[in-house]
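Reader: Hello! I am new to this structure and would love a close look at its cysteines and the part around them. Could you walk me through it?

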Amino acid sequence: ALALPPLVDGAGYAFTLDPAEASKRFPDIAVVVSKANGVKCARCWNYCADVGASAEHPMLCSRCIGAIH
């Protein structure tokens, strides 16, 4: 089986592709779903490794901390 790297943009967010369109464009590729690394941010609900790094905002990721400041 061919292993491809995850389809993730520079900010760490996965690109979306309609399943019907994906099956037409990539008929021989299977999708594997795995648990995300990190902790769920209370604001954006993304799983990030840096949640809890801020004492001021322990339940937020760095992206959300930047957005609220």
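**The cysteines and their surroundings**

Author: Happy to! Searching the whole structure turns up zero disulfides, a disulfide being a pair of cysteine sulfur atoms within 2.5 Å. Before going on, please note that this is a predicted model, where local features need pLDDT of at least 70, side-chain atom pairs count only at pLDDT 80 or more, and totals for chains, interfaces and linings use all residues. Residues are numbered from 1 along each chain as its sequence is written, and side-chain values use heavy atoms, with hydrogens and water left out.

Why is C44 not bonded to C64? The closest cysteine sulfur to that of C44 is the one in C64, and at 3.7 Å it is too far for a bond. C48 has a similar story: its sulfur lies 4.1 Å from the closest cysteine sulfur, in C61, which is too far for a bond. C48 counts as buried at 14% relative accessibility, while C44, at 25%, is partly exposed. Here buried means under 20% relative accessible area, exposed over 50%, and partly exposed in between, using a 1.4 Å probe and protein chains only.

Now for the setting. The protein chain has two helices and two strands, arranged along the sequence as α-β-β-α. These are DSSP runs numbered from the N terminus: helices are H or I of at least four residues, strands are E of at least two. Of the 69 residues in the chain, 14% are buried.

C48 also belongs to the largest nonpolar core, whose seven residues are C41, C48, V51, L60, C61, C64 and I65. Such a core is a set of buried Ala, Val, Leu, Ile, Met, Phe, Trp, Tyr and Cys residues joined through side-chain atoms within 4.5 Å. In soluble globular proteins, nonpolar side chains tend to be buried together.

V51, from that core, makes contact (heavy atoms within 4.5 Å) with V39, K40, C41, P58, M59, L60 and C61, leaving aside neighbours within four places in sequence. K40 sits in strand β1, residues 39–40, and is partly exposed at 37% relative accessible area. With the same neighbours-within-four-places rule, the contacts of K40 are W45, N46, Y47, V51 and M59. The C-alpha atoms of K40 and L60 are 8.3 Å apart, with their positions 20 residues apart along the chain.

Finally, H57 lies in the loop between β2 (47–48) and α2 (62–68). H57 is buried, at 19% relative accessibility, and touches I65, I68 and H69, not counting residues up to four places away in sequence.
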